[in-house]
Amino acid sequence: MKLAGVILSLCLMPLAALGGEFFTLSGHGGPIKGIAVSPDGDRILTASFDYSLGLWDGPAPRWLEGHEAAANSVVFVDDTTAVSAGDDFAVLRWDLANGTATRLGQHKGKVISVRLSPDKETIATASWDGSFGIWPLNGQAPRIVSVGANVNDIAFTADGRSILTASSDGKIRIWNAATGALEQLFLSNGFGINTMVLDHAQGWLAFGAVDGVTRIVDAASGDTIKDVTLDRRPILAMTLSRDGQYLAIGDGEGYIMLLDTSDWSIHADFRATHRGPIWALAFSADGQNIHAGGLDDAMFSWPLADPRDAPKMVHTDRAFLNGNDSASNGERQFQRKCSICHTLTSDSARRAGPTLKDLFGRRAGTVSHYTYSQTLQTTDIVWTAKTIDALFDLGPDVYIKGTKMPVQRIASPQDRADLIEYLRHFSKTKEN
């Protein structure tokens with residue numbers, strides 16, 4: 001298969017016509033955290049670290065802007081409506097015809113997973129505030145239910161009467177979807193459970209954990225049906241094809257394993273990335289392709305017929321992962337702490353944060369082509385060696401309360417000094 005031919009096909013044909021071909025969807029300014037396929041199979045939604053959703057029916061997306069931090073998960077309600085959630089704690093309902101969003105509400109922490117009920121009338125959300133949310137789409141008030149541990153994933157039973165939560169405490173619990181009452185502690189794993197798939201019709205539940213445990217259990221008893229744990233961790237993503245034939249599993253080491261659910265044999269197991277994790281998975285509507293997202297700023301799609309021979313994700317390794325010994329310490333600090341969110345060019349390039357070119361002497365919140373949080377729009381901070389040092393010494397959440405910046409620090413004074421010196425090379429004003 002020649003990649004050039006596949007790219008040409010993508011330019012000329014709708015996505016639904018590319019079944020069985022390798023293709024990519026490029027344009028985001030950050031890693032892909034969530035993927036959803038429309039009910040009719042003609043469109044794909046991607047949720048990205050760059051705060052945006054991409055709506056694709058060909059090579060050029062429509063950008064849906066509404067989140068104020070990384071968008072982590074998205075689901076189609078129908079062909080014209082979707083719901084997304086992310087690091088800004090918000091749950092947004094999208095009118096895809098005009099690209100506008102309505103805020104259903106928000107959690108008190110990051111929202112990691114969004115799921116649609118079988119009757120398509122309710123959304124369930126999993127949040128790192130230690131709760132899950134039940135969001136009626138008919139306008140009724142939502143219900144936030146405390147779990148007591150960060151919730152990583154969520155699923156409805158086939159009849160929609162119960163909700164399962166998978167948590168960082170290693171437990172899967174079953175809740176009443178109408179009342180939010182705890183019905184059962186279904187399963188306990190020694191380490192946190194990141195992802196799960198429930199096929200109630202076939203009577204099984206699959207889950208993947210921080211320690212690499214990958215197991216399929218009986219949905220009624222919890223007894224193990226198949227243990228497919230390999231020496232790869234953590235397990236980060238799972239999805240089931242629409243016909244129920246294949247279960248896809250993605251891990252932190254960049255592999256995708258495809259299981260045939262008829263006998264739990266391995267249909268394929270291949271390295272999908274040069275480096276880094278698989279954060280998002282979705283099958284095409286016809287089941288011929290598996291779509292995946294990770295550190296790269298693009299979604300990749302492989303044919304199930306023989307995915308091992310297709311290209312890998314991350315065409316150019318990110319510098320902070322490739323062991324670049326020739327880079328200065330300042331450049332390494334930039335690559336590790338800043339490069340996913342920021343460029344050093346005049347264009348912010350759809351990244352999650354504004355360009356850091358000409359940073360010194362610039363008042364925070366003033367790059368004209370970037371949309372800032374209210375906090376940054378009203379601050380009087382001017383970026384100097386002193387303020388940059390304080391930002392990474394204290395952490396953005398302490399130094400600028402209300403900022404959209406990820407919570408991170410650079411503990412070493414020398415590392416902060418080296419980063420500041422590196423950034424000076426990209427500013428006209430250097431004496432600050």
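A nonpolar core is a set of buried Ala, Val, Leu, Ile, Met, Phe, Trp, Tyr and Cys residues joined through side-chain atoms within 4.5 Å. With that in hand, welcome to a short tour of this predicted model. The largest such core has 30 residues, and a second, separate core has 20. The mean pLDDT of the protein chain is 89, with 92% of its residues at 70 or more.

**Confidence**

- Two stretches call for some care when you set up calculations: pLDDT stays under 50 over residues 1–12 and also over residues 315–323.
- For residues 1–12, the model has 18 contacts beyond four places in sequence.
- For residues 315–323, the model likewise has 18 contacts beyond four places in sequence.

**The nonpolar cores**

- In the largest core, the residues that touch the most other members are Phe334, Leu356, Trp383, Ile388, Phe392, Leu419 and Leu423.
- Two elements, α4 (385–394) and α6 (413–424), give two or more residues to this core.
- The top contributor is α6, with four residues.
- As general background, nonpolar side chains in soluble globular proteins tend to be buried together.
- Trp383 is a good residue to click on: leaving aside neighbours within four places in sequence, Trp383 is in contact with Leu359, Phe360, Gly361, Arg362, Ala364, Ile388, Leu391, Tyr399 and Ile400.
- The second, separate core of 20 residues has Ala268, Ile278, Leu281 and Ala292 among its members.

**Where α2 meets α6**

- Helix packing can be described by two values, the angle between the axes and the distance between the axes.
- For α2 and α6, the angle is about 90° and the axes are 7 Å apart.
- Angles of 65 to 115 degrees count as roughly perpendicular, so α2 is roughly perpendicular to α6.
- On the α2 side, the contact is made by Asn329, Gly330, Glu331, Gln333 and Phe334.
- On the α6 side, the contact is made by Gln414, Asp415, Asp418, Leu419, Tyr422 and Leu423.
- Within α2, the residues Gly330, Gln333, Phe334 and Gln335 are buried, and α6 is included in what covers the buried residues of α2.
- Phe334 ties these topics together: Phe334 is among the core residues that touch the most other members, and Phe334 is part of the α2 contact with α6.

**Strands and hairpins**

- Four strands form an open sheet in the order β10-β11-β12-β13, with antiparallel pairing.
- At its edges are β10 (111–116) and β13 (143–146), each of which pairs on one side only.
- From one strand to the next, the twist averages 20°.
- β10 is joined to β11 (residues 122–127) by five bridges, and the two run antiparallel.
- As one landmark in that pairing, Leu116 has Ile123 of β11 as its bridge partner.
- Elsewhere, strand β16 (residues 171–176) pairs with strand β17 (residues 182–188) in the antiparallel sense, over five bridges.
- Lys171 has Ser188 of β17 as its bridge partner.
- The hairpin of β16 and β17 has five residues between the strands, and Gly180 there takes a positive phi near 80°.

**Backbone geometry to check**

- Arg233 and Pro234 are joined by a cis peptide bond, with omega at about -10°.
- Pro234 sits in the loop between β21 (224–227) and β22 (235–240).
- Lys120, in the loop between β10 and β11, has a positive phi near 65° although Lys120 is a residue other than glycine.
- Lys120 counts as partly exposed because its relative accessibility is 45%, which falls between the cut-offs of 20% and 50%.
- Asp358 is not a glycine either, and has a positive phi of about 55°.
- Asp358 lies in the loop between α2 and α3 (374–378) and counts as partly exposed at 26% relative accessibility.

**A loop residue: Ala310**

- Ala310 is placed in the loop between β28 (298–303) and α2 (329–337).
- Is Ala310 buried or exposed? Ala310 is buried, because its relative accessible area is 13% and buried means under 20%.
- Not counting residues up to four places away in sequence, Ala310 touches Phe22 and Trp302.
- Ala310 and Phe76 are 234 residues apart along the chain, and their C-alpha atoms are separated by 28 Å.

Notes: Residues are numbered from 1 along each chain as its sequence is written. Side-chain values use heavy atoms; hydrogens and water are left out. Two strands pair if DSSP finds at least two bridges between them. Axes are lines fitted to C-alpha atoms, for helices over the stretch in contact, and angles run from 0 to 180 degrees between N-to-C directions. Buried means under 20% relative accessible area, exposed over 50%, partly exposed in between (1.4 Å probe, protein chains only). Contact means heavy atoms within 4.5 Å. pLDDT is the predictor's confidence in each residue, from 0 to 100. Angles under 35 degrees count as roughly parallel, over 145 as roughly antiparallel, 65 to 115 as roughly perpendicular and the rest as oblique.
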